[in-house]
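Colleague: Hi! Could you walk me through this one, please? I'm still new to reading structures.

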Number of protein chains: 2
Amino acid sequence: MVKITDVARHAGVSPSTVSYALSGKRPISEETRQRIEASIRELGYRPHAGARALASSRSNVLALVIPLRAGIHVPVVMQFAVSVVTAARRHDHDVLLLTQEEGEEGLRRVADTALVDALIVMDVQLHDPRLPLLRSLDRPSVMIGFPQEPAGLTCIDLDFMAAGELCVERLAGLGHRVVALVGSPPEVYVRETAFAQRVVQGFTAAADRNGLTSSIHPCEAAPAAARRVAEQLLREQPALTGVVVHNEAILEPLIDAFEQLGLRVPGDLSITAICPDELAESLRVPVTSIALPSTELGARAVELLMKKLGGAAVPEATLLPPRLTERASTAPRDTP
Amino acid sequence: MVKITDVARHAGVSPSTVSYALSGKRPISEETRQRIEASIRELGYRPHAGARALASSRSNVLALVIPLRAGIHVPVVMQFAVSVVTAARRHDHDVLLLTQEEGEEGLRRVADTALVDALIVMDVQLHDPRLPLLRSLDRPSVMIGFPQEPAGLTCIDLDFMAAGELCVERLAGLGHRVVALVGSPPEVYVRETAFAQRVVQGFTAAADRNGLTSSIHPCEAAPAAARRVAEQLLREQPALTGVVVHNEAILEPLIDAFEQLGLRVPGDLSITAICPDELAESLRVPVTSIALPSTELGARAVELLMKKLGGAAVPEATLLPPRLTERASTAPRDTP
DNA sequence: TTGAAAGCGCTAACAT
DNA sequence: ATGTTAGCGCTTTCAA
């Protein structure tokens with residue numbers, strides 16, 4: 001193995017000069033830098049990550065905790081993870097993958113052993129048991145999602161309340177007077193995942209503000225459940241003309257169910273969704289939707305961590321504004 | 001930060017004794033071990049990962065390279081990744097996530113800097129540019145998938161050829177005489193991903209062996225493409241009664257298309273698929289399928305790496321035998 | 001069964 | 001602008 005002393009000898013400088021040339025933490029004359037870089041290339045030198053971490057107390061590794069529970073949409077998690085890795089690499093960091101399953105002990109372990117410098121935690125719940133731990137760790141962290149009590153933590157997410165509102169406002173603007181929200185599976189609400197409830201809040205607030213008749217319908221992530229919800233809606237809300245869907249898994253089956261029940265989209269029923277753009281675009285009837293910006297979230301989360309690692313202050317809360325893309329599933333209400 | 005010398009002092013032993021108590025690399029008297037463990041708990045000691053890596057030249061981290069290209073089924077990748085992390089943790093290892101995008105340079109970097117002890121590479125192609133690199137690295141690796149020239153490498157995968165055969169054998173056993181394979185998107189074949197071609201080989205061989213009429217149909221991962229393939233099949237192969245599907249994304253749309261074209265499954269058409277069990281189970285017509293054993297693959301890949309890290313020899317090739325689960329999409333041919 | 005001590009390869013004061 | 005050197009915290013010979 002070629003080490004920094006080898007490079008130093010080869011370039012005729014001291015080890016520290018090589019180190020500083022690599023880190024840029026102090027000025028090096030153009031000439032020596034050239035020589036050092038040539039030696040590095042020639043010898044194929046690679047700094048030893050462990051030695052670096054030990055000497056600098058920086059591992060240049062971030063921990064990413066991914067969820068694997070029911071009711072989460074896998075492609076979104078994946079896209080987020082890829083985005084985190086990509087963004088981390090831009091800052092010369094790597095990403096260690098942890099599963100939710102490892103729990104608090106896993107977080108504590110990688111933080112306390114100095115295996116990672118900072119942590120990103122996905123799928124945060126309103127009363128997440130990891131909150132006190134994250135507050136107590138000596139390493140910075142960013143949470144994707146908002147807990148009830150975010151004080152002292154850094155959180156980022158799509159503004160789901162605004163997203164719920166925006167969906168309704170759009171439907172209201174098109175003249176719809178009776179709307180329904182088809183939401184996440186019941187267990188998502190039961191475990192008090194903040195984002196699901198925030199959509200409900202926004203949806204309800206905007207519906208009330210616009211004087212709309214509204215109702216909420218959690219829905220399992222199965223086509224049969226979508227079908228049941230569709231039937232129930234037609235039965236209980238015959239005047240329904242606007243639906244907001246916040247459940248990736250049943251978006252397609254739900255539209256199918258409506259159409260099989262004789263409702264045309266968007267002729268009889270306008271639909272807006274909160275889901276990844278790729279999903280909204282790919283459906284038979286492309287759906288007007290608010291994007292789940294997983295790529296942006298991942299990148300922004302890493303930026304926040306880098307700032308914190310650099311000693312800079314960052315806002316406790318970052319809410320990404322919803323952006324609605326008009327597609328084929330919405331139309332003005334057919335006023336008789 | 002509490003370090004090993006603190007623990008040693010607190011327990012009244014030398015640092016090396018603490019180290020050995022932790023690693024188990026030499027016998028420690030029950031009594032001292034107790035004392036050391038008590039001290040560790042009391043002080044909340046956690047060995048510094050970097051220091052450990054430096055002194056032992058073992059980071060206890062594995063690299064996992066995940067693909068992110070078109071034509072791969074995201075949930076399978078995710079399930080595999082989770083399984084790798086879980087298995088790695090059982091062996092006291094962590095997992096560093098790399099994207100395919102980082103390419104060979106990424107692999108070389110994490111290996112040469114000693115950030116990782118070993119590597120797992122997914123989505124291997126027949127002539128994968130990473131092969132020479134992996135052979136040259138001084139760290140063990142396992143590839144998921146089989147390249148053309150696997151000599152000197154360790155590979156593991158589902159036996160896709162046997163899977164293709166098994167699907168056909170099953171259909172033949174049910175009396176079907178004209179069968180078709182609806183395969184992966186064309187780009188998957190173009191980039192010569194081994195597994196897709198192996199299914200074709202197995203399918204064709206078994207069809208020929210059984211004297212069946214057979215045809216191959218790559219298919220894009222879009223419902224419209226599935227529809228087109230269905231129409232084409234009915235047009236060109238009116239006697240078709242058996243279909244093998246090796247394309248997760250269009251399994252459902254393809255069945256829908258067949259049924260919309262007037263063919264009942266399994267009444268008029270029997271279908272077998274190679275796909276994750278969860279997908280096969282969840283369809284409106286549960287599909288007889290050969291499981292894509294991502295969880296087992298992940299675990300087995302880690303086991304192989306651990307053996308190699310332990311200095312043991314492992315087989316160059318590991319093929320997991322296909323297991324077919326009978327569901328509702330297959331029936332004996334309706335012989336008139 | 002245990003201890004002493006020499007590194008592992010790098011960074012960052014402290015020098016000059 | 002560069003060199004010297006003392007650690008970073010652990011593992012592992014070598015010795016007893």
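Modeller: Happy to; we'll look at the two DNA strands and then at a pair of helices. Keep in mind that this is a predicted model.

Colleague: Okay, DNA strand C to begin with. How many residues surround it, and which are the closest?

Modeller: There are 28 residues around DNA strand C, and the closest are Lys3(A), Ile4(A), Tyr45(A), Thr17(B) and Arg26(B).

Colleague: What part of DNA strand C is within 4 Å of the protein, sugar or phosphate, or bases?

Modeller: Both: 59% of the DNA strand C atoms within 4 Å of the protein belong to sugar or phosphate, and the rest belong to bases. On the phosphate side, the side chain of Lys3(A) has an N or O atom 2.8 Å from a phosphate oxygen of DNA strand C. The side chain of Arg52(A) also has an N or O atom 2.8 Å from a phosphate oxygen of that strand.

Colleague: And which side chain has a polar atom 2.7 Å from a base oxygen?

Modeller: That's Arg26(B), with DNA strand C providing the base oxygen.

Colleague: Which helix gives the most to the surface near DNA strand C?

Modeller: H4(A), with four residues. By class, the residues of that surface are 12 nonpolar, 10 polar and six charged.

Colleague: Now DNA strand D. Which residues are closest there?

Modeller: Of the 28 residues surrounding DNA strand D, the closest are Arg26(A), Ile4(B), Ser16(B), Tyr20(B) and Tyr45(B). A polar backbone atom of Ile4(B) is 2.4 Å from a phosphate oxygen of this strand. Tyr45(B) has a polar side-chain atom 2.6 Å from a phosphate oxygen of DNA strand D.

Colleague: What about a base nitrogen of DNA strand D?

Modeller: Look at Ala51(B), where a backbone N or O atom lies 3.5 Å from a base nitrogen of DNA strand D. The largest share of the surface near this strand, four residues, comes from H4(B).

Colleague: Switching topic: at what angle do H11 and H12 of chain B cross?

Modeller: Roughly 45 degrees, with the axes of H11(B), residues 223–236, and H12(B), residues 248–260, coming within 8 Å. That angle makes H11(B) oblique to H12(B).

Colleague: Is the crossing left-handed or right-handed?

Modeller: H11(B) passes H12(B) in a right-handed crossing.

Colleague: And which residues meet there?

Modeller: From H11(B) they include Ala226(B), Ala230(B) and Leu233(B), and from H12(B) they include Ile250(B), Leu254(B) and Phe258(B). By class, the contact has 10 nonpolar, one polar and one charged residues.

Terms used
Residues are numbered from 1 along each chain as its sequence is written. Chains are lettered from A and ligands numbered from 1 in the order in which they are written. This is a predicted model: local features need pLDDT of at least 70, side-chain atom pairs count only at pLDDT 80 or more; totals for chains, interfaces and linings use all residues. Side-chain values use heavy atoms; hydrogens and water are left out. A residue is near a molecule or strand if one of its heavy atoms lies within 4 Å of it. A polar contact is a pair of N or O atoms within 3.5 Å; within protein, one must be able to donate a hydrogen and the other to accept it, and residues adjacent in sequence count only if both atoms are side-chain atoms. Helices (H or I, at least four residues) and strands (E, at least two) are DSSP runs, numbered from the N terminus. Ala, Val, Leu, Ile, Met, Phe, Trp, Tyr, Cys and Pro count as nonpolar, Asp, Glu, Lys and Arg as charged, and the others, Gly among them, as polar. Axes are lines fitted to C-alpha atoms, for helices over the stretch in contact, and angles run from 0 to 180 degrees between N-to-C directions. Angles under 35 degrees count as roughly parallel, over 145 as roughly antiparallel, 65 to 115 as roughly perpendicular and the rest as oblique. A crossing is left-handed if the near helix is turned anticlockwise from the far one by less than a right angle, and right-handed if clockwise. Contact means heavy atoms within 4.5 Å.
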